[in-house]
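Reader: I'm new to protein structures and would love a close look at one part, the nonpolar core. Could you take me through it slowly, and then show me how its surroundings compare?

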Amino acid sequence: TSYDGRPIHSVKLIISEVSREDYEQPFVCQASNAFGQVASYIILKHRVPDVRRWLTGGLVSLLILTFITLIIYKIFKIDLVLWYRNSVCALTSKEEMFVFILDGKIYDAYVLYTQSSEGRSVCCVETFVRRILPDVLEKQCGYNLFILGRDDLPGEAVVSVADETLKQSRRLMIILASETSSCCLLEDASEQQLAMYNALIRDGIQVILIEMGEIQDYTSMPESIRYIMQKHGAIQWKGDFSEKSCSANTRFWKNVRYQMPSRKKLSYSEMYSLPLTLNSSAAKGS
């Protein structure tokens with residue numbers, strides 16, 4: 001009842017369907033009884049968009065997309081970088097590649113490994129360094145490695161060779177056997193140890209550490225090796241020297257190639273023709 005005692009009846013108005021033309025149009029509602037007649041009207045309005053809701057949804061979607069992208073990048077980072085290198089190198093001209101070759105570096109990596117100790121793991125290191133590394137990195141990928149005992153001349157002073165060659169190398173690759181300890185790792189070659197230390201401190205050369213099998217404890221290693229392990233980490237070789245393990249497309253070799261400098265594989269004829277090409281281009285330009 002109302003304030004004056006007269007009865008009030010309410011009726012629920014249900015609009016089951018609304019078309020576009022119904023918006024912004026007045027709808028008149030009339031009611032009459034013995035006491036009189038009254039009229040009222042309503043206008044349908046478009047719903048006001050909830051900006052906060054849209055912003056929240058968009059932010060959550062952006063965060064999820066960013067998270068998924070980071071996961072994908074972390075999983076496929078190495079493959080993406082190698083693909084990018086191959087794509088860029090395929091478009092690199094000979095002149096641009098020649099400038100890269102003339103950066104003052106001759107070797108892509110200086111290979112340092114244990115040579116004096118005995119044991120099965122050291123024999124595996126010798127096989128890995130002398131046969132597997134050249135087959136994969138040099139023949140398949142076009143890198144140029146310096147391996148002491150293979151590329152130095154007989155009678156040369158090791159300290160002079162190591163010091164000079166490290167200056168001409170873009171990477172320092174250290175191969176560790178699982179049985180290697182401080183008593184055998186570079187202790188018999190103080191010249192190499194001194195050259196490696198000078199390269200790390202003086203020239204800031206990037207180091208690639210490779211483990212031939214899992215090494216549980218680094219406490220017996222020289223301080224320089226422990227520092228490299230903490231700073232750069234290590235890549236562990238789990239191959240069996242089979243043809244499948246020696247493919248440049250395996251996970252291990254992708255990790256190694258990722259840490260190696262970008263390189264375009266050129267044949268020897270292309271390598272020696274680069275100076276002639278540059279001279280011809282310069283002559284035409286003048």
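Author: Here is a walk from the whole chain to the core and then out to the surface.

A word on the model before we start: it is predicted, and local features need pLDDT of at least 70, side-chain atom pairs count only at pLDDT 80 or more, while totals for chains, interfaces and linings use all residues. Residues are numbered from 1 along each chain as its sequence is written, and side-chain values use heavy atoms, with hydrogens and water left out.

Let's get our bearings. The protein chain has eight helices and seven strands; these are DSSP runs, H or I over at least four residues for helices and E over at least two for strands, numbered from the N terminus. Of its 286 residues, 33% are buried. Buried means under 20% relative accessible area, exposed means over 50%, and partly exposed lies in between, using a 1.4 Å probe and protein chains only. Contacts (heavy atoms within 4.5 Å) often reach far along the chain: among those joining residues at least 6 apart in sequence, 70% link residues at least 24 apart.

Now to the part you asked about. A nonpolar core is a set of buried Ala, Val, Leu, Ile, Met, Phe, Trp, Tyr and Cys residues joined through side-chain atoms within 4.5 Å. The largest one here holds 28 residues, and F128, L133, M173, I175 and W253 touch the most other members. Two or more residues each come from β3, α3 (120–140), β4 (145–147), β5 (171–177), β6 (206–212), β7 (235–237) and α7 (251–259). Helix α3 gives the largest share, seven residues.

Try zooming in on I175. Leaving aside neighbours within four places in sequence, I175 is in contact with V111, L112, Y113, T114, V125, F128, V129, L133, I210 and M212. There is also a second, separate core of 19 residues, which includes V161, L172, I174 and I228. When you compare the two member lists, this rule about strands may help: in a regular strand the side chains alternate between the two faces of the sheet.

Being buried is not reserved for nonpolar residues. Q259 sits in helix α7 and counts as buried because its relative accessibility is 19%. Beyond four places in sequence, Q259 touches R171, Q206, V207, I208 and I235.

For contrast, look at strand β1 (residues 26–33), where none of the eight residues is buried. β1 runs antiparallel to strand β2 (residues 36–43), and eight bridges join them; strands count as paired if DSSP finds at least two bridges between them. The connection from β1 to β2 is a hairpin through two residues. As one example of the bridges, F27 is partnered with I42 in β2.

Nonpolar side chains appear on the outside too. V60, I64, F67, I68, I71, I72, Y73, I75, F76 and L80 make a nonpolar surface patch of about 940 Å². Patches are built from residues with over 30% relative accessible area and no salt bridge; like charges are joined within 9 Å, and nonpolar side chains (Val, Leu, Ile, Met, Phe, Trp, Tyr) within 5 Å. One of the patch members, Y73, lies in helix α1 (residues 51–91) and counts as partly exposed because its relative accessibility is 41%. Accessible areas come from the Shrake-Rupley method with a 1.4 Å probe, and for residues only the protein chains shown count as cover.

Finally, the charged residues. Side chains of opposite charge can pair when their charged atoms come close. A salt bridge here is a side-chain nitrogen of Lys or Arg within 4 Å of a carboxyl oxygen of Asp or Glu, and the count comes to eight. One involves helix α3, the helix we met in the core: K139 pairs with D135, with the closest N and O atoms 3.4 Å apart. These two are four residues apart in α3, so about one helical turn separates them. K139 is exposed at 58%, whereas D135 is partly exposed at 24%.

K167 and D163 form another salt bridge (3.8 Å, N to O), and both lie in helix α4 (residues 158–167), also four residues apart. D79, R251 and K254 are joined into one network by salt bridges that share partners.
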